[in-house]
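User: I would like to see how the labels on this model are earned. Take me through the terms one by one.

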Amino acid sequence: MNVSREARVCVFGDLLYDCFVWADRLPRVGETVTGFRNGFFAGGKGGNQAVAAARLGARTTMLGKIGRDSHGEFLRGSLRESHIEDAGVLSDSEHPTGTCCVHVDRKGDNAIIVVPLANESISADDTDRMIPFIRDADVFLCQLQTNLDAVERCLRAARDAGVMTVLNPAPAKPGAEQLFHLADYITPNETEAESFSRCPQGTLGLDDWCGQSAAVLLRQGARRVVITLGKQGSYYSDGAEALRMPPFPVDAVDSTAAGDAFNAAFAIQMALGAGIGEAMRYANAAGAVAASRHGSRPSLPTREDVLALMARAEQPRSTGGTR
């Protein structure tokens with residue numbers, strides 16, 4: 001694993017003020033459930049991935065938009081506490097800061113409602129102000145929780161500058177597959193892969209379903225596909241090579257930010273020149289640590305956390321190979 005230099009990571013994405021509530025189970029439609037814990041945190045997939053990258057040792061820059069309100073200042077302060085460059089986080093006087101409500105049960109499963117607000121108001125002029133930060137990075141990481149035009153402009157700027165690009169296509173949005181060709185890697189989870197590929201898991205075995213879904217995503221323009229599988233690890237395909245990297249077993253209590261930890265860890269390792277299997281193993285460990293802790297930002301691991309888990313666990317073996 002290459003830790004001889006500091007990776008430069010630029011993250012473009014959403015910044016949200018999160019309200020978390022925990023209960024024994026998630027409510028059904030029309031039902032009120034009494035919970036046992038709550039918490040208020042800085043969040044958003046973009047913000048979470050930036051904090052994860054910083055904790056994992058990268059020099060990290062965040063790009064996004066917040067409102068001119070107390071929630072926005074709270075989010076900016078959280079970025080600065082994590083030593084993240086925030087000059088590319090713009091303030092909007094017309095749109096309030098985005099918010100999110102997360103319901104989590106005792107198994108760690110969740111149900112989430114996001115109100116993007118300022119995150120959806122990013123204009124062409126805004127992205128023009130962000131491009132110099134993108135050009136200075138080793139790897140550019142983004143998601144779909146902002147407006148797609150802004151995502152496309154930033155991805156194109158990264159590609160034009162020769163910066164490695166990782167697109168985490170979350171949440172799945174209609175038409176987002178038109179952006180796949182701009183990314184060196186796309187990293188959907190199972191739900192997103194199913195949505196974009198329209199390949200239901202049904203009775204297929206996991207590897208067969210992953211292979212079929214990845215094949216569709218590659219036909220849609222993706223160059224390389226990494227599907228995150230939660231408790232079942234992760235899967236990679238580029239059309240010529242395929243492998244599945246098993247998970248690190250942990251007692252999962254909250255999976256909310258596990259994918260964000262995975263994406264940050266994966267982007268860093270690829271920027272540092274790691275092989276695909278090595279990067280996936282490291283990213284699986286980062287996601288596992290996050291899933292074993294409560295909250296979004298509080299759960300994100302440091303590099304030392306990830307290396308400790310990898311040292312404790314038996315070496316997972318990937319499956320698959322050249323096809």
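Analyst: What follows sets computed values against their definitions. This is a predicted model, where local features need pLDDT of at least 70, side-chain atom pairs count only at pLDDT 80 or more, and totals for chains, interfaces and linings use all residues. Residues are numbered from 1 along each chain as its sequence is written, and side-chain values use heavy atoms, with hydrogens and water left out.

User: Why is H8 called roughly perpendicular to H9?

Analyst: The axes of H8 and helix H9 (residues 303–312) cross at roughly 105 degrees and come within 9 Å. Axes are lines fitted to C-alpha atoms, for helices over the stretch in contact, and angles run from 0 to 180 degrees between N-to-C directions. Angles under 35 degrees count as roughly parallel, over 145 as roughly antiparallel, 65 to 115 as roughly perpendicular and the rest as oblique. The crossing angle therefore makes H8 roughly perpendicular to H9. Helices here are DSSP runs (H or I, at least four residues), strands likewise (E, at least two), numbered from the N terminus.

User: Which residues make that contact?

Analyst: On H8 they are Arg281, Tyr282, Ala285, Ala286, Ala288 and Val289. On H9 they are Arg303, Asp305, Val306, Leu307, Leu309 and Met310. Contact means heavy atoms within 4.5 Å. By class, the contact of H8 with H9 has 9 nonpolar, no polar and 3 charged residues. Ala, Val, Leu, Ile, Met, Phe, Trp, Tyr, Cys and Pro count as nonpolar, Asp, Glu, Lys and Arg as charged, and the others, Gly among them, as polar.

User: What makes H1 oblique to H7?

Analyst: The H1 and H7 axes are 8 Å apart, at an angle of about 50 degrees. That angle makes H1 oblique to H7. The crossing of H1 past H7 is right-handed. A crossing is right-handed if the near helix is turned clockwise from the far one by less than a right angle, and left-handed if anticlockwise. Lys45, Asn48, Gln49, Ala52 and Ala53 of H1 touch Asp260, Ala261, Asn263, Ala264 and Ile268 of H7. This contact of H1 with H7 divides into 5 nonpolar, 3 polar and 2 charged residues.

User: Why is H3 called roughly parallel to H4?

Analyst: Helix H3 (residues 124–135) and helix H4 (residues 148–160) pack at about 30 degrees, with axes 10 Å apart. H3 is therefore roughly parallel to H4. The contact joins Ala124, Thr127, Ile131 and Ile134 of H3 to Ala150, Arg153, Cys154, Ala157 and Ala158 of H4. It holds 7 nonpolar, 1 polar and 1 charged residues.

User: What makes a space a pocket rather than a cavity?

Analyst: On a 1 Å grid over the protein atoms alone, a cavity is a set of points where a 1.4 Å probe fits but cannot get out; a pocket is an open set with protein on both sides within 12 Å along at least five of seven lines, and lining residues have an atom within 4 Å of a point. Here the largest pocket has a volume of about 1,200 Å³. A volume is the space filled by probe spheres set on the points, which are joined across faces, edges and corners. The lining of the largest pocket comprises 49 residues, with Asn189, Ser255, Thr256, Ala258 and Gly259 nearest its centre. Its lining divides into 19 nonpolar, 21 polar and 9 charged residues.

User: Which peptide bond is cis?

Analyst: The bond from Ala170 to Pro171, with omega near -5 degrees. Pro171 sits in the loop between strand S9 (164–167) and strand S10 (185–186).
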